[in-house]
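Reader: Please show me the model, and then let me ask about its parts one by one.

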Amino acid sequence: MVAELGHFALILALAVALVQGTLPLVGASRGDLRLMSLGRTAALTQAFLVLLSFGALTQAYVTSDFSVLNVVANSHSAKPLLYKISGVWGNHEGSMLLWALILALFGAAVAIFGNNLPDTLRSRVLAIQALIGVGFLAFLLFTSNPFERVFPAPPDGNGLNPLLQDPGLAFHPPLLYLGYVGFSVTYAFAVAALLEGRVDAAWARWVRPWALAAWCFLTLGIALGSWWAYYILGWGGFWFWDPVENASLMPWLAGTALLHSAIVVEKRDALKSWTVLLALLAFSLSLLGTFLVRSGVLTSVHAFAQDPARGMFILAFLLLVTGGGLALYAWRAPQLQGGGLFQPVSREGALILNNLLLCTLAATVLLGTLYPLFLDLLTGNKVSVGPPFFNATFVPLCAPLFAALCVGPFLGWKRAELGPALMRLRIALVVSLAAIVVAMTMIDSRSTLAALAFGFGVWLIVGSLASLSDRVRSGTLRTIPRSTLGMVISHASLGVVVLGSVATSSWNTELMQTMKPGDRVDFAGYSVLLERMDEVRGPNYIAERATLNVSVGGKPYTVLQPERRLFTVQRRQIAETAIQTNLLRDFYATLGEGDPRQGWVIRLYLNPLAPWIWLGAALCALGGFVSLSDRRLRIGAPSRKPVLQAAE
Amino acid sequence: MIGSRRLFFMFLSPLGERSGEGVRRPLTQPLPLAGERSLKGWLCVFLLLFTLPALAVEPSEILPDPALESRAREIGRSLRCVVCQNQSIDDSSAEVARDMRRAVRERLTAGDSDRDVFAFMVARYGDYVLLKPPFKAGTLVLWLGAPLVLLVAGAALLVAARRRRAQPIVPPKPLDEEERRRLDALLKG
C-alpha cells in the first residue's frame, strides 16, 4: 500500500513538474503575474510529492518489505539499519529517486529563498528546474520504477553489495548528488538569463551562492569517495583515475571555474557570456557523469544499471539538456555585451588564466575518460587510458595553476603590476624553495618531481595566508569579509591536499609479509607482532581478524585489527583495513589470504601526511561554506544596478 | 534490472543446499556461544566454495633485490590487467595479472631494461596493455587535444585583448528618454 502511494506520488510529481515547466514560462513571456506565481507553488508541491515518494521507498527498506522488487534485490533483513537506509540509494532506481528528490528540493529552495529575484527571472528559473525534473521523473517512471512489486514475495532479500556497506559510502551518494544537482540551479539561472537576454552583476550575485553550495557538497562528496577508496580497497591509494572518479571530477573543475568567473561578472561586469557558458557546462558535465556511471558504458562497481534502454534515455536527455542549452547560448549569447575593460595583468586577467587552466584540466579528464570509448566505436581499436596518462598530462597543468593561484589575490582589478605582488609574496617564495630543498636533501633525493610538488603545496599554504598579513599588521583581521576569509581557507587547504597526496604517494613505506600467529617483523622503526587470528561474526558477515601488536622500543604502541569479511548473503569478500592515525601519518594494515599452515599475508603501510588529503578537502569545502555565509549573500536584496565597488 | 525469474533463481541458489545448514537461520539468530567450531566450519566451507580475491602483489612474488623490485612495481603500475576494468596488474588479483607480474619480474631478473619489458608486453598483448597509450596516429587527439584547447583559447584571448587595446574606448550610450524618465522617478521616490 505504501509503495503504491509512493508510486502515485511520483506520478503526481511528474504532472506537477509538467505544469511548473510550462505555464510560468508562458507567464514570464506574457508578463502574466498569476501564471508566474504558479511556479512557486508548483515547486513546493513537487518537492513535497517527491519527498513523499522517497519516504515510501525508505519505509519499504526499513521494514524490509520484500514484496517490493527493489528491496528484494538490494536489501536483507539481517542488514544493520544504517545500511537498510543507505540501501535506498545504493541501487540504480533508488539513486535516481534520490537525484529527483534533491532536484525538487533545490527547486523548492529557489522558490523559498528567491524572494529577491525579479518575478520573470524566478519563474523562468523554476520552470527550467522543473523541465529537468520532468526528464528525471519520466526516466524513473518509464524505465526504472523503484516501486515495482514482486509476487509471491520471497522470504528474504539478496542484500546490498558489501562494498557499499560502509559508513563512508552510505553518505557519499547524497553528498555527491547535492553537488551534481546543485549545478542544475546554475544551469537554470543561465538558461533563464539567456531567455531574458540579460546578465549583469545582480544575476552573478544571485547565481553565486547556488554555485558555491553545489561546489561545497561536490567537494565533500568527492573527498568522501576518495577516503572510502583509500581504506576499503586495501592498497593505500586514494585516487585511481577511474572513469567514475573522473565523472565527478569534471563538474568539479568546471564548477570551480564558474565560481571564479562569476566573481568577475559580479565585480566588473565582464566575462558574462563565458560565465553563462560555464554554468551550462558544469551541469552538462554532471549529467554526463550520471550517464557514464548509470548506463554501464564504463563497467565498474557503480554500474548497477546495465540496461541499454536506460542508457539511451539518459543519453537522449543529456543531448537535449546540453544541446538545447548550447543552441540557446549560440543564439542569445552575442547579445550579452561585456562591460568592464581590463589589462592582461590584473585580477580579471588572473581569473581568466584560472578559468583557462581549469577548463584545460577538465578537457584533459574528459578526453582521457571518453577517448577509449570513441576510439573503440569509430575504429574498433582498443586503448587503455590509466593513471600514468593522467599523471603525465593532468599533473603538469596544475603547476601554472598553483603558481598563479597565490599571485591573483594580490593583483588589483583592471590594471596591476606583477612586481609588487611578487614582492609581497617573497616570504612564501623563500619558504617554498626551502621546502623543496628540505624534501630533496632530507626525505628523498631521488624524486625531484615529488620535492617540487611538495614545494608547490607549501607555496599554496603560505602564499594564501600571506594575503592576510596586511590585515594582521593593521589589526583588521576581525573585520575581514567572510568571502575573503573563505577564499583564503579554500586556497590554503588546496595546499594541504597537495602536501598530503604528494607525501603519501611518493614517500610511503610498505611491507608485505606472510606471518603466523607469534611472528614478529620490524617495520619502519616499529615492531609488529601478529598476536593471534580470530574468527568473528558481524551482523551479516563472518570474518577473519588479525590482531597486530605494534610496539616502539619495547613499549606497546597500538593494536591494529585488520579483517577479511565474508558477506554470507552475497558471498563476497571485503578487506577491512585497520588504520591508526596521528594526523601526520597513517599506520595502515590489511589482512590478505592465508591459512594456519602457511600463515597469512599481512600488508603494512606507513603513509605520511595521508590524513591531510581529506582534512584538506574538508577544509576546502569549509572555506566555501564560510564564503557562503558572507553578509553580502545573506542580507540585503541585491538590486539590478551596476556594482561599482571592487574591493576584496 | 534483474528479471524476477532470474532473481528467484539467484534467491534460491545453492548456498543453503551446499553448506547443508541453511543460510538464513544462523544469520538471523545469533549463534550460541559454543559456536566457535561451527563458525570455523563456516569459514572453511566458504573458503572452499569461493575463490577469494587476493590482494594484488603477493609476498612470494617479491624479488630479493629491492632496486629490481621497485622497478617491477613502477612497470606494474603502468601495465593494464587485460581482463580487468581499469586496474593495473599491481592492483589486480586476477590470475592473468599474477602471471604478468611474474613475467615482468622474470624479464627484469634476466637483465632486460624497462623499455624491453614494455616491448615484451606490447608484443604479447598489444598497445592495449599500456595504461599510458603510446604517442602515435591513433592517439594524437588524446595527447594533443587538451594542450591544443589551451593554446587556441590562450591565443584567441591575447588577440582579443590586443584588438581591444587598439580600439578607442567608446563611452556608454547616453540614457534615452524612457530610461531618463524611470531614473527620475526612482530618484524622486
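The questions below go from confidence to cores, helices, loops, strands and the second chain.

Author: This is a predicted model, in which local features need pLDDT of at least 70 and side-chain atom pairs count only at pLDDT 80 or more, while totals for chains, interfaces and linings use all residues. Residues are numbered from 1 along each chain as its sequence is written, and chains are lettered from A and ligands numbered from 1 in the order in which they are written.

Reader: Which helix of chain A has the highest mean pLDDT among the elements of that chain?

Author: pLDDT is the predictor's confidence in each residue, from 0 to 100. Chain A averages 88, and 95% of the residues score at least 70. Helices (H or I, at least four residues) and strands (E, at least two) are DSSP runs numbered from the N terminus. Among the elements of chain A the lowest mean, 65, belongs to helix α20 (residues 631–634), and the highest, 95, to helix α19 (residues 610–628).

Reader: How many contacts, beyond near neighbours in sequence, does the stretch 300–305 of chain A have?

Author: Two residues are in contact if their C-beta atoms, placed from the backbone, lie within 7 Å. Where pLDDT is low, the predicted coordinates should not be read in detail. Over residues 641–648 of chain A the pLDDT is below 50, and that stretch has eleven contacts beyond near neighbours in sequence. Over residues 300–305 of chain A the pLDDT is also below 50, and the number of such contacts is 19.

Reader: Which helix of chain A gives the most residues to the largest nonpolar core?

Author: A residue is buried if 20 or more other C-beta atoms lie within 10 Å of its own, exposed if 12 or fewer, and partly exposed in between, with C-beta atoms placed from the backbone. A nonpolar core is a set of buried Ala, Val, Leu, Ile, Met, Phe, Trp, Tyr and Cys residues joined through C-beta atoms within 7 Å. The largest has 217 residues, and A:Phe189 and A:Ala279 are among those with the most contacts inside it. With 23 residues, the main contributor is helix α8 (residues 201–232) of chain A.

Reader: Which residues does A:Phe189 contact, leaving aside its neighbours within four places in sequence?

Author: A second, separate core has 25 residues, including A:Leu530 and A:Tyr588. A:Phe189 is instead listed for the largest core. Its contacts beyond four places in sequence are A:Val125, A:Trp206, A:Val207 and A:Ala279.

Reader: How many residues of α6(A) are buried?

Author: Helix α6 (residues 119–143) of chain A has 25 residues, which at 1.5 Å a residue should span 36 Å; the end C-alpha atoms are 36 Å apart, so the two agree. The expected span is 1.5 Å times one less than the number of residues. The helix is largely enclosed by the rest of the structure, because the buried count, out of 25, is 19.

Reader: Is A:Leu271 buried or exposed?

Author: A:Leu271 lies in the loop between α9 (243–268) and α10 (272–295) of chain A. It has a positive phi of about 60° although it is not a glycine. With 26 other C-beta atoms within 10 Å, A:Leu271 is buried.

Reader: Is A:Pro80 buried or exposed?

Author: A:Pro80 sits in the loop between α3 (69–74) and α4 (81–86) of chain A. There are 12 other C-beta atoms within 10 Å, so A:Pro80 is exposed.

Reader: Which residue stands opposite A:Glu563 in β7(A)?

Author: Two strands pair if DSSP finds at least two bridges between them. Strand β6 (residues 563–567) of chain A pairs antiparallel with strand β4 (residues 541–552) over five bridges, and five bridges also join β6(A) to the antiparallel strand β7 (residues 572–576). β6(A) and β7(A) form a hairpin with four residues between them. Opposite A:Glu563 stands A:Glu576.

Reader: Which residues of β6(A) lie on the side opposite A:Glu563, A:Arg565 and A:Phe567?

Author: In a regular strand the side chains alternate between the two faces of the sheet. Five of the five residues of β6(A) are buried. Both faces are covered, and the other side holds A:Arg564 and A:Leu566.

Reader: What separates the centres of domain 2 and domain 3 of chain B?

Author: Chain B has nine helices and zero strands, and buried residues make up 21% of its 189 residues. The domain bounds, from an automatic or database assignment, give domain 1 (4–49), domain 2 (59–129) and domain 3 (137–161). Taken over C-alpha atoms, the separation of the centres of domains 2 and 3 is 35 Å.
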